[in-house]
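Good morning, and thank you for coming. I should like to take you through one protein chain this morning, so please have the display in view.

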Amino acid sequence: MSTAEGAIDRSVDVAVVGAGMAGLKTALELEARGQDVCVLEARDRVGGRLKPGHIAGHRIDKGGQWVGPQQTLLLAQAADVGVESYDQFNTGRSVLHFNDRVKTSRSEIPKMPFLSLLELQRVVSRLDRMAFSLPPDAPWAGPNAKALDSQTFETWITQNVRTHAAQEFLRLVTRSVFCCEPQHVSLLYFLDYVRGGEGIDVLTGVSGGAQEAKFRGGAHQITELMAAKLKTPVMHDAPVRAVLQHDDGVVVRTDRGDVRAKRVVMAVPPALANQIDFANSLPAKRVHLMQRMPMGTVIKVHVAYERPFWRDRGLSGMAVSDSLPCNVLFDQSPEDLSCGILVGFFDADAAVDFTSAGDNARRDAVVEAAKTFFGPEAASPIDYVDNDWLAEEWSRGCYVAHMAPGVMTTFGDALREPCGRVHWAGTETATKWQGYMDGALQSGIRAAGEVADRL
């Protein structure tokens, strides 16, 4: 249920800011505890970083879409609202475009020189060991936290990885997972993210990994169905401009009016929370943390063809490149194979370069990438759609916020700490699968528990 008509003038137990998966889960959990909740959303839709779309007559996800077998909260939530998952197509050889050469491989790890492959396996194992040694709830408090947080992941790569191919693969991982360049992210933050995602192979993998399955009809419908279960409709077109704390409650000021509540849960990314006026009621650590957690930069693209011609050549549709601006593609074809669809990304610096280039320039770059990966048949698509997440006013980027060196050890302990009557949710605050839908659900469960205990 949702509404975007009329002025808002309400008094409730809890106001929830943001109708993404985290905010909706918070609201459902609180309603189940008997609390009166009002969900405020700046957009005209629910879902946040989940977004519906269409290409060639088929529904697609313009935002988050994949689920791995380890993401039990998300799988349970989907089952609760009646949304089925099905496997990502992964039959055949993957394609690697590296050093201007195209190679194929039956492994999800692209072909590379033997010494590079040996080193990559050793380095991934080392990074996993470092990640799993971190305290899960407080990585900033680990024995080597300051040393790890004093350097970028790029610095670590250049100092610890010798072969060019292994270095480039780790840079590709960073762009694909964080949507930022490795010189922009702290080594400590990188490792904590790897820990939360159960290791690099799981984070980047298809079979048994975080990209193993998709949702029939799209992931975005999970949030739509969650919203439909709320007792009180989501208030759309209601961007929050100020949160004013008083001794006996909170006033949340929106473009459509005020909501008075005993507590408020902020279920939006830190960069968006930073735009809200809290009337100097937040601790300095929390303010500085929000100022220092930029969103990743990504443009998600879909390109459709008459049929999935790459399958005729025994290719899975999965392709990666170390130099093309659209550097990752997957097979997104409908189950009935009525057409062929590829889904891919401009990420990190490439997304920044192409955000102002326009749809035609992006389409041309995607088609060129598909031609490089799959041959001349890719030159004639029947449809093209993209979503520039940098241009979304109420996201300012995707998939997740990240931290540069020094941020986690200086301000990280403010990430989940309530500030008076203000509580924090959102996938960035999760202790596991942060940056993913599963992490968003975890954060909503935690925030609802915090609020319920205080109420």
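**A surface patch, three domains and selected residues**

I begin at the surface, where Phe114, Leu115 and Leu118 together make up a nonpolar patch with about 350 Å² of accessible area. Please bear in mind throughout that this is a predicted model. Within that patch, Leu115 belongs to helix α3, which covers residues 114-132. Is Leu115 buried or exposed? Its relative accessible area is 62%, and because the cut-off for exposed is over 50%, Leu115 counts as exposed.

Let me turn to the overall division of the chain. The domain assignment gives three domains. Domain 1 consists of residues 10-48, 220-294 and 412-453. Domain 2 is likewise assigned in pieces, namely 52-91, 210-217 and 296-388, while domain 3 is given as 112-204. How far apart are the centres of domain 1 and domain 2? Taken over C-alpha atoms, the separation is 30 Å. The two domains do meet: 17 residues of domain 1 are in contact with 22 residues of domain 2.

I now come to Gln221, which sits in helix α9, residues 220-228. With a relative accessible area of 14%, Gln221 is buried, since buried means under 20%. Which residues does Gln221 touch, if those up to four places away in sequence are not counted? They are Val83 and Arg216.

Next, Met235. This residue is placed in strand β10, residues 234-235, and at 10% relative accessibility Met235 is also classed as buried. Met235 and Gly47 are 188 residues apart along the chain, yet 13 Å separate their C-alpha atoms.

Finally, I would draw your attention to Phe345. UniProt, in an unreviewed entry, lists Phe345 under "binding site". I would ask you to treat that as a statement from the record. In the model, Phe345 is part of strand β17, which spans residues 340-347. Its relative accessibility is 6%, and Phe345 is therefore counted as buried. What surrounds Phe345, once its neighbours within four places in sequence are left aside? Its contacts include the run Val298, Ile299, Lys300 and Val301, and a further run of Pro325, Cys326, Asn327 and Val328. Trp66 and Tyr399 are also in contact with Phe345.

To close, I would set two residues side by side: Leu115 is exposed, whereas Phe345 is buried. Thank you; I shall be glad to take questions.

Technical notes: Residues are numbered from 1 along each chain as its sequence is written. This is a predicted model: local features need pLDDT of at least 70, side-chain atom pairs count only at pLDDT 80 or more; totals for chains, interfaces and linings use all residues. Side-chain values use heavy atoms; hydrogens and water are left out. Helices (H or I, at least four residues) and strands (E, at least two) are DSSP runs, numbered from the N terminus. Buried means under 20% relative accessible area, exposed over 50%, partly exposed in between (1.4 Å probe, protein chains only). Contact means heavy atoms within 4.5 Å. Patches are made of residues with over 30% relative accessible area and no salt bridge: like charges are joined within 9 Å, nonpolar side chains (Val, Leu, Ile, Met, Phe, Trp, Tyr) within 5 Å. Accessible areas come from the Shrake-Rupley method with a 1.4 Å probe; for residues, only the protein chains shown count as cover. A salt bridge is a side-chain nitrogen of Lys or Arg within 4 Å of a carboxyl oxygen of Asp or Glu. UniProt positions are given in the numbering used here, feature names are shortened, and annotations may be inferred rather than shown by experiment. Domain bounds come from an automatic or database domain assignment.
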